Amino acid sequence: RGYIDKPIGDFRRGGEYSLFTLKSNASSKNVSSKIISRTNFYKFGVLICFEDIFPYLSREFVLAGANFLVNITNDAWFGNTAASRQHLQSSVFRAIENRVPVIRAANTGVSGFVDSTGKIISTVEVEGEEIFVTGVQTDSVNIYAGRSFYTVYGDVFVYFCGLMLLLLMIVEGASQKKERKP
């Protein structure tokens, strides 16, 4: 018997983009050395495993109000290959597209922080290795107040480029047809 004849679970696609809230307490001294405390509340969306390769998922979380994204992933099936670093690049793209920081927690892949410009701020690193290591990392991320073009308009730029390419092909085809006529 090489199979399981029982259902594993009742799984189905979700219908909403749930956000989580993070409370942040900060204090600083003003010019008169008086301590000023403030509490901020930030919202974040969670991308599980390879969901970070789909731009529309990240966009929907940001449209719903996420200030940053968290990607929790199991990269063990990549083994000790470049694929874990390539998977990290998906988070870089999502950060750039939506101008939001991305925090990654990978069980065997690259865990770390990506800022809203796509710069990898820090990673969990042990003796120069980032894959198959045990450790923790903390860092600060800056929250971007605005919305990016992609967040607001989605794939409209891609559609525009496709339309322009189609028009160029039609114009080129018509001009070649004119040149062939005697």
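**Reading a predicted chain**

Student: How far apart are the mean positions of the positive and negative charges of the protein chain?

Tutor: In this predicted model, the mean positions of the 20 positive and 17 negative charges are 9 Å apart.

Student: How do you know that the protein chain differs from a compact globule of 182 residues?

Tutor: One sets two radii of gyration side by side. A compact globule of 182 residues would have a value near 16 Å, whereas the protein chain has 23 Å. The C-alpha trace spans about 85 × 70 × 40 Å along its principal axes.

Student: What makes up the secondary structure of the protein chain, and how many elements of each kind are there?

Tutor: There are 4 helices and 6 strands. Along the sequence they follow the pattern β-β-α-β-α-β-β-β-α-α.

Student: What share of the residues counts as buried, and what share of the contacts with a separation of 6 or more joins residues 24 or more positions apart?

Tutor: Of the 182 residues, 29% count as buried. Residues 24 or more positions apart account for 52% of the contacts with a separation of 6 or more. As for the accessible surface, it comes to about 12900 Å², and 58% of it belongs to carbon and sulfur atoms.

Student: Why is Ala83 called buried?

Tutor: The cut-off for buried is under 20% relative accessible area. Ala83 has 18%, and therefore it is buried. Ala83 has its place in helix 2. Its C-alpha is 8.7 Å from that of Gly109, although the two are 26 residues apart in sequence.

Student: Why is Asn80 called exposed?

Tutor: A residue is exposed when its relative accessible area is over 50%. Asn80 stands at 60%, so it counts as exposed. Asn80 is placed in the loop between strand 3 and helix 2. Leaving aside neighbours within four places in sequence, Asn80 is in contact with Ile131 and Phe132. Asn80 and Thr108 are 28 residues apart in sequence, with their C-alpha atoms 8.7 Å apart.

Student: What does Phe78 touch, not counting residues up to four places away in sequence?

Tutor: Phe78 touches Ala83, Ser84 and His87. Phe78 also belongs to the loop between strand 3 and helix 2. From Phe78 to Ser175 the C-alpha distance is 50 Å, with their positions 97 residues apart in sequence being the separation.

Student: Why is Ser24 called partly exposed?

Tutor: The class called partly exposed lies between the limit of 20% for buried and that of 50% for exposed. The relative accessible area of Ser24 is 23%, and so Ser24 is partly exposed. Ser24 lies in strand 1, residues 20–29. Beyond its neighbours within four places in sequence, Ser24 is in contact with Arg38, Thr39, Asn40 and Tyr42. The C-alpha atoms of Ser24 and Leu163 are separated by 46 Å.

Student: What makes the phi of Arg99 and of Phe132 worth a remark?

Tutor: Most residues other than glycine have a negative phi. Arg99 has a positive phi, near 55°, and Phe132 has a positive phi, near 60°. Arg99 is found in the loop between helix 2 and strand 4. Phe132 lies in the loop between strand 6 and helix 3. With a relative accessible area of 30%, Arg99 is partly exposed. Phe132 is at 46%, and therefore counts as partly exposed.

Student: Which residues of helix 1 are buried, and what covers them?

Tutor: In helix 1, residues 55–63, the buried residues are Leu57, Ser58, Arg59, Phe61 and Val62. Their cover includes strand 2, strand 3, helix 2 and helix 3. After helix 1 comes Gly65, with a positive phi near 120°.

Student: What makes a set of residues a nonpolar core, and how many residues has the largest one here?

Tutor: A nonpolar core consists of buried residues of the nonpolar kinds, such as Val, Leu and Phe, joined through side-chain atoms within 4.5 Å. The largest has 14 residues, and those with the most contacts inside it are Leu47, Phe61, Leu69, Val102 and Val114. Helix 1 and helix 2 each supply at least two residues of this core. Val102 touches Leu69, Ser91, Ala95, Gly112, Phe113 and Val114, residues up to four places away in sequence not being counted. In soluble globular proteins, nonpolar side chains tend to be buried together.

Conventions:
Residues numbered from 1 in each chain as written. Predicted model: local features only at pLDDT ≥ 70, side-chain atom pairs only at ≥ 80, totals over all residues. Heavy atoms only, no water. Buried < 20%, exposed > 50% of the residue type's maximum accessible area, 1.4 Å probe, protein only. Contact = heavy atoms within 4.5 Å. Rg over C-alpha atoms; globule rule 2.2 N^0.38 Å. Areas by Shrake-Rupley, 256 points an atom, 1.4 Å probe, with all protein chains shown as cover. Lys, Arg positive; Asp, Glu negative; His and termini not counted. Charge placed at Lys NZ, Arg CZ, Asp CG, Glu CD.
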